[in-house]
Amino acid sequence: MSIPLTIVDAFAERPFTGNPAAVCLLESPAPEAWMQAVAGEMNLSETAFVVPAGDAFDLRWFTPTLEVDLCGHATLASAHVLFEAGELVPGTEARFDTKSGRLTVRQLESGTLAMDFPATSPIEEDAPESFAVAVGAEPVWFGRSRFDLFAELASEAVIRQLDPDPRAVAALGARGIILTARADASSPYDVVSRFFAPGSGVPEDPVTGSAHCAIGPYWAERLDLESVSCYQASVRGGHVQVHVRGDRVDLVGRAVTVVRGELAAAPSSSLG
């Protein structure tokens, strides 16, 4: 039994940029241990497993070490694969049932994909004493979103020069840390960010959709914008346009297929 497996660069205008995700199309649910083993084999920040479920799809996401409750780039990648494979009619929407509820992805006329996600606006709190040492910069503003620690830093230059201590970041105790700043005046973007999650098996995520569920609302309020143009300034880099709609956000971006293949290891509950 072979299983379609596709690697997609999400939030990418061209191959080898953005955030790569593996997408595994299954005919029926697979054992959790097997999915975790596949994600470990792929060794990407996330591997998505997609199973037909009536007029929708069940969707789960795994890092190389654990399952996560929300992942943007692997959702974008999953919708891209379904449209590309002809599983969905162009111009319609993909419906995914996940641990974060029903998520939908619309294919726009421009060829971009728009994901309807929950907003996870950060709530202000005091930064841990170890935060500045772990990150290597003092926060201008600090808080916590549903999943992550969140800090505004002084400038785009500070964001781009960051080199956090992975062990110290993991010891902070959250899924990851979102670090963001206003973009330089010469930038085509409104804001920049980076995302580190060594405690979840992802030292630095290239482009993090779920982080923008917090980044978008935070900056929309401060900049008095409904739509925020965001750039995640990792080595690979990627653009996420965030439209804020109350307690929901639309995350808009492109995706590019880079590998199409088959997984020869069939789902099994026996991995020993």
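In this predicted model, the sulfur of Cys213 has its closest cysteine sulfur in Cys71, at a distance of 10 Å, which is too far for a bond. Cys230 is in a similar position: its closest cysteine sulfur belongs to Cys213 and is 11 Å away, again too far for a bond. A disulfide is a covalent bond between the sulfur atoms of two cysteines. To count as one here, the two sulfur atoms must lie within 2.5 Å. A search of the whole structure finds zero disulfides. Are these two cysteines, Cys213 and Cys230, buried or exposed? Cys213 is buried, with 0% relative accessibility, and Cys230 is buried as well, at 1%.

Cys213 belongs to helix α6, where it is one of the buried residues. This helix covers residues 212–223. How long should a helix of 12 residues be? At 1.5 Å a residue, α6 should span 16 Å, and its end C-alpha atoms are 15 Å apart, so the two values agree. Of the 12 residues of α6, 10 are buried, and the helix is therefore largely enclosed by the rest of the structure. The buried set consists of His212, Cys213, Ala214, Ile215, Gly216, Pro217, Tyr218, Trp219, Ala220 and Leu223. An α-helix has 3.6 residues a turn, so residues three or four places apart point the same way. After α6 comes Asp224, which has a positive phi, near 55 degrees.

Helix α6 also takes part in contacts between aromatic rings. The whole structure holds nine aromatic pairs. In one of them, the ring centres of Trp141 and Tyr218 are 5.0 Å apart and the planes meet at 55 degrees, so this pair is tilted. The two residues come from distant parts of the chain, 77 residues apart: Trp141 is in strand β10 (residues 141–144) and Tyr218 is in α6. Both rings belong to buried residues, since Trp141 has 13% relative accessibility and Tyr218 has 3%.

A second pair joins Tyr189 and Tyr231, with ring centres 5.0 Å apart and planes at 20 degrees, so this pair is stacked. It too links distant parts of the chain, 42 residues apart, with Tyr189 in the loop between β12 (177–182) and β13 (191–197) and Tyr231 in strand β15 (residues 227–232). Is Tyr189 buried or partly exposed? Its relative accessibility is 25%, so Tyr189 counts as partly exposed. Tyr231 has a relative accessible area of 18% and is buried; the cut-off for buried is under 20%.

Trp141 has further partners. Together with Phe150, Tyr218 and Trp219, Trp141 forms one aromatic cluster. In addition, the charged end of Arg222 sits over the ring of Trp141, at 5.2 Å from the ring centre.

Another helix can be examined by the steps used for α6. Helix α2 (residues 72–84) has 13 residues, and the distance from its first C-alpha to its last is 18 Å, close to the 18 Å expected at 1.5 Å a residue. How many of the residues of α2 are buried? The count is 12 of the 13, so α2 is largely enclosed by the rest of the structure. Among the buried residues of α2 are Gly72, His73, Leu76, Val81, Leu82 and Phe83. Gly86, which follows α2, has a positive phi, near 80 degrees.

Helix α1 (residues 32–42) contains Met42. Leaving aside residues up to four places away in sequence, Met42 touches Leu5, Ala22 and Thr47. Met42 and Glu84 are 42 residues apart in sequence, and their C-alpha atoms are 21 Å apart in space.

The last step is to look at the chain as a whole. It has six helices and 18 strands. What radius of gyration would a compact globule of 272 residues have? The value would be near 19 Å; the chain has 18 Å, which agrees. Along the principal axes, the C-alpha atoms fill a box of roughly 55 × 45 × 30 Å. Of the 272 residues in the chain, 56% are buried. Among contacts between residues at least 6 apart in sequence, 62% join residues at least 24 apart. The ring pair of Trp141 and Tyr218, 77 residues apart, is one link between distant parts of the chain.

Terms used. Residues numbered from 1 in each chain as written. Predicted model: local features only at pLDDT ≥ 70, side-chain atom pairs only at ≥ 80, totals over all residues. Heavy atoms only, no water. Buried < 20%, exposed > 50% of the residue type's maximum accessible area, 1.4 Å probe, protein only. Phe/Tyr/Trp six-rings, centres within 6.5 Å; stacked < 30°, edge-to-face > 60°. Helix = DSSP H or I, 4+ residues; strand = E, 2+ residues; numbered from the N terminus. Lys NZ or Arg CZ within 6 Å of the ring centre and 35° of its normal. Expected span 1.5 Å × (residues − 1). Rg over C-alpha atoms; globule rule 2.2 N^0.38 Å. Contact = heavy atoms within 4.5 Å.
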